[in-house]
Each structure stands twice: as C-alpha cells, then as structure tokens.
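Me: I have a model on my screen and want to learn to read it. Could we go through it feature by feature?

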Amino acid sequence: MEYIVSARKYRPLSFDTVVGQAALTTTLKNAVKSGKLAHAYLFCGPRGVGKTTCARIFAKAINCQNPTAEGEACNECESCQSFNEQRSLNIFELDAASNNSVEHIKTLMEQTRIPPQLGKYKVFIIDEVHMLSTAAFNAFLKTLEEPPAHVIFILATTEKHKILPTILSRCQIYDFERMTIRNTIDHLKHVAEQEGIKYEEQALAVIAEKADGGMRDALSIFDQAASFCQGNITYDKVIEDLNVLDAENYFKIVDLSINNKVSDIMVLLNSVINKGFDGGLLIQGLAKHVRNVLMARDPQTLPLLEVSDQMRQRYEEQAKRCKISFLYDALKLMNQCDINYRQSSNKRLLVELTLIQVAQITQPAEEGASAGRKPRRLKSLFKNLIQQSQPKKTTAPQVAAAERAVSTPAVNSAAKAGGITSQPAPATTRTISGIGFSWNKLGQKDSPKKSGMQIIPGSINLPTGQDHTNDAQFSQTDLEFQWMSMCNRMPQKLSGIATRMKNMNPTITDFPAIEIMVDNDLIKQEIEDIKGSITKTLQIYLHNNQLHIEVIVSEQQEMPKILSRREQYEEMAENNPAVAKLQQALDLELA
C-alpha cells in the first residue's frame, strides 16, 4: 500500500475538522448558509495554517447541491464527488508562483466567460498570489473589480504586504492565526492514536514548539520522529532526533544561579557547547525559560505559557523559589547578551560573563576586600586617585571666608524682607578665587572692577586661593597634562573650543612663558576671549603665578604648483636641450 505522509493523509475535508481557525470557519459556513457570497476572498497568514485547505473546502461547499444546515458540503452530490475525485470542471487552482505572467492571467480571464456546467459558480483558487508580476496584477484588476455573476475568486498568500492595495480593497480579507502549541499537541495526539503510535505528551510539545505555529510543519516533524522512534515517541529520542537542547539544562541553570554556584554553571555550559550547541542558542532558550518562570508566578499570566501540562507544573514549582527581582535582572542581562552576541569576537566569553552575572544577582553584599564576589564600586577608588593628584586643599580661613561669601545674599534678602536695610558686604568678601566661579561671562572682557579671573573648575578638590608656592618649576610634560585636564573639565557650552584646544600643543618658550600656535585669526580670537581664565587655571595647577600665555597664528606655507605633463616636459627640455633634440630626431609626440 502506498505510504502517504500525515500532512496529506489527515488534511481536513470539512470546516469542522480544520484546527485552530474556529472564527474563520464559522464565518465561511454562515456565508454558505445565507448565500451572501462575495466575488473575491483573500486568505492570508503564516505557512501551514490551512489557507489552501480552507479555500478548497469553501469552494466545494459553494457548489454543493445539498449543503447541510451548518453550511458544510454533503459529500454525496455530483459536484462534491467530482471535486473529491479531482475531476471538477467548476473549481480551478492556479499556482501563481509558476504562472505569474500576463499571458497566464489572460488565459484565466478567458475561462471566466464560460458559465459553470454543474452548480452555481466557477471558483478560481489562486495560490501564492503575491508572486504575480505587477503587469499580471494590472491585467487581473479589471476582472476582479467587475467579475461575471457566476465567478468567485479565492486568493491565498503568505505575504499580504506584497499585494497591490487596489487588489486588497476589492477582496474580503481573512487573516489566519498561527497554531497554538496546545492545538498542535491535541491534533498530534489524534494523529498518533489513529496511527497506533505511542507517545509522551512532553515529546509532542517539543514537536509543536519546533513547528513554530505551522500544522503542516508539525505533522512533517511528527512523521520524522515516528520513523526515528519506531512507533514509540519519547522525549529523549525526540530531542536527540531534532537536535534540540534539553529544557532540563535551563531548569538546572536557574537553580544553580539562585544558589550562586558559578562553577557548576560553567561546567554545565561546557558540556552544552561540547554537544555542538551554540552559546547564543543557549542564551535565547534560557531567556525564554526565565520568561516562562516569570509568567508562572502569577495565576493571571499562567495561561500565557504555551507548554504541556507537565511543563507548566514544573514552571510553577520553580517560580516559587525565584524572587521576581532575580527574574527581572536575569532577563535584562540575557537580552543584552543576545543583542551583543553577533558583534562579539569572543562569543563564549560573552556567554560565560552573562551567566556569571546572572549567578551573582542574589549574591549577598561583599564581606571584605578579598571576598571576590561583587565588583567593588569604582567611584570611591577614582576619587582617591584624583585627590592624590590634585594640589593642596583649601585652608581653613579660606573656607570660612567662602561660607561668609555664600551666606551673604541670603542674609541680605532676609533683612530686606523684614524692612531692615543693611550695607552690602565689600566686594572682596564676596569674590574668592575658586569658589562660586562661573563660565557665563567667559566671552566678555574682564571688568576693571573685578578682583580676579575666573578659573576652569576641577572635578574634585579644586585649589582655591593662592598656594604658598608661586614660582614652582614645571616641565613640558606637566604643562601638557594640565592642559588636557583643563580641556576635559570645560563646560558643555564651550565644547567646541575645548575640542580645538585638545589638538593644540602648548610649548614652553622662555620659562614661564607659554606659546600656543593656532591656525587662523578666528580661533585666536576665541582663545583670547578666555585667555585670562586659561592663564589663571594653569597658574594654580602648575603653582607658578609668573606663567603667561601668548597666542600666535601659524604662517601658512605656499603650496607648490602642480605641473601638468606638458609643463613637466617643457621644463625638462629647457634644462636639458638634449631632450628636445631627441624628440625632433624621433618625431615624438607628447601623449
């Protein structure tokens, strides 16, 4: 007896046997019962969900001479029997993938003029209609807009976005849904029982998940697994045959991460990679597993798990052991790893680091400097290093003066509110070098009344006032270091001039005179506008009050003229007359 694959053998023959499309089949049956049929239908959706099958069932029901009360075909009349025996003259199928030219569509349109010999309608099923060329669509458009009364078109496609909008607007559109894992498992159970094959529900769940929403794919994988398992489909044999990573690995990784067992996770990862599985596949599967655990924590989200009943129970058990904060952080880490996986040059290291971070989410706080667990905060470390490299701190009298200067505006405002008139504090008490500085007036010329220049702020422990060492020696290296540090500290609104200054190279000419070379007068003017602040900053950080800056514009060298080939030859002939004689003797021409 000829063997027929399950996808063909168990292809639905009626609306009631169609799996997972209850809403669409109900609508089509009601249309058949009421006789309110459109002239064009468009069935669209993923592969293997029943588009062409429903089109055939619908076409048979339309021409059935004795339809049932539910809108199904009777399968007894001459029209139904001729369709079942594939000799019907009223139902035509066209594969648009191989018949996509204008000539094929014109031939099809000529057939629409002939009325049906048996039944009420001639039904044209065009599969993969998105493969038609633009010219074929345009040729088909007029007939689709005003077809004969006895013609019905049923179009099927997996890519609705490739169809012209003028075609879509003339069709009733039916969007088919992907098969759920639950529906796929139930249908595979029915097929297995009909074939006398033993099975484990967890094994069928793996097949359904591998099919990714396509019933035809699920039946094809089922036949493959049945051949490999020889009539007894078990979970272990299915994952071996399909080369699927065992879900038990994900449960183990989560349990080990909760207990912070990094070493065991690394051993498990090594065994998974040695079996031939990719690290990125492990991260993707683990992220999906953690998502399912998160859904299993709440009874409201539990129906979102498209798994078997046995797996749903395991997810619920593990969800009770996991804190929700752990699941959130783990999902965030694995999503970031998935994003960076393709660009990573050391993919295994990236996966290992991600799993280590997941295992440290529930790690308690570090218990000492050598605990070797969570990384130490870097902020305090950098703070100490910067403090060591900065000049001396502000003296106590300067701090006291700063406090008086800062508090003066508040005291004055309070006095005015109470009707008390107070004399303003002297200017010297309000302006202290290094305290209350601002870059708002750097572009203005320094006022004669101002007691001191503003300086560029530092990040930590900015020197204030004058240091007792005001004539210290500094080297070119010190100058370049402080120059670059000053550029990095400049505020955002001066980022443009700061970027240019980073490319400049200040030079000590006649100590402590400093020379800055710029390219043009425009940049020189920008430097001159903030020259006072630059000078003051370098004086404080280099501990030399005699330091001064001179900005000069570099001289533009004249570019030599580029000679053409003829000019080069004329210059050679002028310098060496023998070249000209050679040209005349050989009658040469310059190319």
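Reply: Let us start with one helix. Keep in mind that this model is predicted. The buried residues of α9 are Gln202, Ala203, Leu204, Ala205, Val206, Ile207, Ala208 and Ala211.

Me: How many residues of helix α9 are buried?

Reply: Helix α9 spans residues 201-211, and 8 of its 11 residues are buried. That makes the helix mostly covered.

Me: Which elements do the buried residues of α9 pack against?

Reply: They pack against helices α8 (181-195), α10 (215-229), α11 (235-242) and α15 (309-321). Strands β6 (198-199) and β7 (232-233) are partners too.

Me: What follows α9?

Reply: Asp212 does, and its phi is positive, near 55°.

Me: Why does Gln202 count as buried?

Reply: Use the cut-off: buried means under 20% relative accessible area. Gln202 has 14%, so Gln202 is buried. Next, look for contacts far along the chain. Leaving aside neighbours within four places in sequence, Gln202 is in contact with Tyr235, Ser308, Gln310 and Met311.

Me: Now a residue in another helix. Is Val351 in helix α17 buried or exposed?

Reply: Val351 lies in helix α17 (residues 347-359). Its relative accessibility is 1%, so Val351 counts as buried. Not counting residues up to four places away in sequence, Val351 touches Leu269, Gly279, Ile283, Cys337 and Tyr341. Its C-alpha atom is separated by 9.1 Å from that of Asp338, 13 residues apart along the chain.

Me: On to sheets. What is the strand order in the open sheet of 5 strands?

Reply: Read across the sheet, not along the chain. The order is β2-β3-β4-β1-β5, with parallel pairing. β2 and β5 (172-175) stand at the edges with a single partner strand each, so one side of each is left without a neighbour in the sheet. On average, neighbouring strands are turned by 15° against each other, direction ignored.

Me: How many bridges join β2 to β3?

Reply: 5 bridges join β2 (residues 91-95) to β3 (residues 122-127). Ile91 stands opposite Val123 in β3. Between the two strands the chain passes through helix α5 (residues 102-111), and this β-α-β crossover is right-handed.

Me: Which strand residue stands opposite Phe124?

Reply: Phe153 in β4 does. β3 and β4 (residues 151-157) run parallel, joined by 6 bridges.

Me: Which strands does α5 lie across?

Reply: α5 lies across β2, β3 and β4, and runs at about 165° to β3. Helix α6 (residues 134-145) also packs on the sheet, touching β1 (40-44), β3 and β4. Its direction makes about 135° with that of β4.

Definitions and conventions: Residues are numbered from 1 along each chain as its sequence is written. This is a predicted model: local features need pLDDT of at least 70, side-chain atom pairs count only at pLDDT 80 or more; totals for chains, interfaces and linings use all residues. Side-chain values use heavy atoms; hydrogens and water are left out. Buried means under 20% relative accessible area, exposed over 50%, partly exposed in between (1.4 Å probe, protein chains only). Helices (H or I, at least four residues) and strands (E, at least two) are DSSP runs, numbered from the N terminus. Contact means heavy atoms within 4.5 Å. Two strands pair if DSSP finds at least two bridges between them. A crossover is right-handed if, with the strands pointing away from the viewer, the path from the first strand over the helix to the second runs clockwise. Axes are lines fitted to C-alpha atoms, for helices over the stretch in contact, and angles run from 0 to 180 degrees between N-to-C directions.
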